[in-house]
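This report describes a sheet and the enclosed spaces of one protein chain. Please examine the sequence and the structure before reading on.

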Amino acid sequence: MASGTDHVMQLSVDKCPSKYEANDVGVTLPEVHRTIAQQELGETDGRREESLRLFREWIATHPHIRRCRTDALFLLRFLRARAYDLQAAQITLERYLTMRQLFRIWYENLDPNDRYMRELIENVRGCLPLGLDRNGRMVVLVKVRNYDVTRFNCYHLGRLQHMLFEAFFDDVAVQIAGGVAIVDCEGATMGHFVCFKLSDIRNFMDCLAHALPIRVKEVHIVRLPRIGQALGNLVLSFAAEELRKRIFFHASMDEVLKYVAQDLLPIEYGGKTCPEEITNSLKQRLANKRETLLLLDRMEINVEPYAHLWRQTDEGDVEFGMEID
């Protein structure tokens, strides 16, 4: 598993640098991840190196990409997410770069030192990366009730989610084995379910399926109250068919234990994980990743050829530089 230390001093957004950063060298994989890489992704040393070479050549001559990271770990996000289908990885990168510019309010300035992000990480603790399960997948717990919707709006929560995505996207274990999300809706109120616009949900689900380099293995939605069922149905209707098959609804956390070992859960759920330790580890990871997170804003693509891929309304759903204070 890749360490939490960062290589920002060596990273660049030059689309055709004089030397490409091979920051995947020296990463030792546990047996479970080597097996998944070979059997599910078809990854070999030779295929990885050749795919990176072709990917970089394509970026260097791309007429619309102006600036982009080309280090190995960044590009492997896309190759592994698309099981080394190079053309699919290239399309995902185009959409990823476009998405970041179209929805700046979600993706720009993913700064752990931002006062809202710091409060959400240190005090709210509504999204906890619990660690790797026995299948090598990253398990994340979302506690909906922890979010005060009178203080935080959907854009704060969206930026938090994407900051955490980016903080783990370069982790080789996450790239290979993917992630499992547990969304605990106990105690959620009407305010939690109406803070997201219809277009927000639709665009996020489209980004998740086509623009984010992530392998979503399972999503467990637990104790969804009756008032939230309409939103749950919307999420399913907007989800790609492959993702829809991986979304499960449960009446209790006991049902989730068929999929996730209880020891991995926080103490309040009968597990052995300490939320304070998770928070401290997450704060350290974000501190180490801060400069790399901010570097993402320097990437650029001409969005005009791709903007039609997302629906945008006249109601200000997509705002450039919109304030969220």
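## The strand 2 and strand 3 pairing

In this predicted model, L128 stands opposite L141 in strand 3. Strand 3 covers residues 138-143 and is joined to strand 2 by five bridges, the two strands running antiparallel.

## The sheet as a whole

Strands 2 and 3 belong to an open sheet of five strands, arranged in the order 2-3-4-5-6 with mixed pairing. Its edges are formed by strand 2 (127-132) and strand 6 (247-250), each of which pairs on one side only. On average, neighbouring strands of the sheet are turned by 20° against each other, with direction ignored.

## Cavities in the structure

Rolling a probe the size of a water molecule over the atoms shows where empty space is left. When the whole structure is searched, four cavities of 30 Å³ or more are found. The two largest are described below.

## The largest cavity

The volume of the largest cavity is about 1,300 Å³. Its lining comprises 48 residues, and those nearest the centre of the cavity are V142, Q161, A181, V183 and F204.

Which helix supplies the largest share of this lining of the largest cavity? Helix 7, spanning residues 154-169, contributes ten residues, the largest share. Sorted by class, the lining of the largest cavity holds 38 nonpolar residues, together with seven polar and three charged ones.

## The second largest cavity

The second largest cavity holds about 60 Å³ of space. The residues that line this second cavity are R77, R80, A81, F168, F169, V174, Q175, P213, I214 and R215. By class, six of the lining residues of the second largest cavity are nonpolar, one is polar and three are charged.

Three helices each supply at least two residues of the lining of the second largest cavity: helix 3 (72-81), helix 7 and helix 8 (172-177). From which helix does the largest share of the lining of the second largest cavity come? Helix 3 provides the largest share, with three residues. Helix 7 thus appears in the linings of both cavities, supplying ten residues to that of the largest and at least two to that of the second largest.

Both domains take part in lining the second largest cavity: domain 1 (31-106) and domain 2 (115-285) each give at least three residues.

Technical notes
Residues numbered from 1 in each chain as written. Predicted model: local features only at pLDDT ≥ 70, side-chain atom pairs only at ≥ 80, totals over all residues. Heavy atoms only, no water. Pairing = 2+ DSSP bridges. Helix = DSSP H or I, 4+ residues; strand = E, 2+ residues; numbered from the N terminus. Axes fitted to C-alpha atoms, helices over the stretch in contact; angles between N-to-C directions. 1 Å grid on protein atoms, 1.4 Å probe; cavity = no way out; pocket = protein on both sides within 12 Å on 5 of 7 lines; lining within 4 Å. Points joined across faces, edges and corners; volume = space filled by probe spheres on them. Nonpolar A, V, L, I, M, F, W, Y, C, P; charged D, E, K, R; others polar. Domains from an automatic or database assignment.
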